[in-house]
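Student: Could you walk me through this structure? I have not looked at it before.

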Amino acid sequence: MPTAPPPGDRPLKTLERLLSKAGLGSRSEARKWIHARRVKVNGRVVEDPDKWVDLERDEILFDDQPLQKRASIYLLLHKPVGFLTTYKDPEGRKTIYDLLPEREQYLFPVGRLDMDTSGLLLLTNDTQFAERLTNPDYHVPKTYFVKASKPLRDEQLEQLRQGIELRDGPTRPAIVERKGVAAFEITITEGRNRQVRRMVEALDAKVEKLTRIAIGDIVIGDLKSGETRALTDEEVRKLRR
Ligand code: URA
């Protein structure tokens, strides 16, 4: 059982929480590393995940590397269909972590894509960056290629542009560009659950294929399905803006 923090106004956190907040991994993973004696506080191994520490005053080492100096990592994954955007699935289905090498297993996804959706997924260990991009107030544009189950008329695409009434309220205006009788690209500035699928269902059609092709100015380009690449510094800067 964790104890209450010692009195005072210092920015204290439990060791387990601090490691997780630093973007290293989940709290249960952090507990395992601590028990595996991989974490030192002020030069001594600490085996108690509930120890209170002060990031500004205590020196925390993970595998002998200062926690405060760990580099931020930003990856772009071309997620294939059939993979869950989650760390572990109780039913044992494939997850995006099955696609990542061991050294990248501590990164976490920025938002999520449905199991049946493919395309651009960002992964990082930078919590602030991820929070900003997923904060609904920032209206970060995301572009999807959609193939619908039947031809859609111009008025129907116009409905998508203007906003569609869904059970959780109307959608914000979207940019829609026709790409075929039943295909289009749509840029939305929200990230509601299964939003594009529900918008298409509101037109009495279904989504047959859904691929995210861009977030802001960052495009998936010709990255192959299942592969990752590092974002360039310029891409990270653009996403921060
Ligand atoms: N909209 C959806 O319906 N699904 C996704 O995965 C992303 C956006």
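**Between two domains**

Tutor: Across the interface of domain 2 and domain 3, 8 residue pairs, both at pLDDT 80 or more, are in polar contact, meaning N or O atoms within 3.5 Å, where within protein one must be able to donate a hydrogen and the other to accept it, and residues adjacent in sequence count only if both atoms are side-chain atoms. This is a predicted model, in which local features need pLDDT of at least 70, side-chain atom pairs count only at pLDDT 80 or more, and totals for chains, interfaces and linings use all residues. Residues are numbered from 1 along each chain as its sequence is written, and side-chain values use heavy atoms, with hydrogens and water left out.

Student: Which strand gives the most to the side of domain 2 that touches domain 3?

Tutor: That is strand β9, residues 118-124, which supplies 5 residues; strands are DSSP runs (E, at least two residues), numbered from the N terminus.

Student: And how many salt bridges does the rule find across the interface?

Tutor: The rule finds 2 between domain 2 and domain 3, a salt bridge being a side-chain nitrogen of Lys or Arg within 4 Å of a carboxyl oxygen of Asp or Glu. Aspartate 114 and arginine 197 also have side chains that meet in a salt bridge, at 2.9 Å from N to O.

Student: New topic: which residues are around the ligand?

Tutor: Among them are Asp114, Tyr144 and Arg197, each with a heavy atom within 4 Å of the ligand. A polar backbone atom of arginine 197 is 3.0 Å from an oxygen atom of the ligand, while for glutamine 195 a backbone N or O atom lies 3.3 Å from a ligand oxygen.

Conventions: Helix = DSSP H or I, 4+ residues; strand = E, 2+ residues; numbered from the N terminus.
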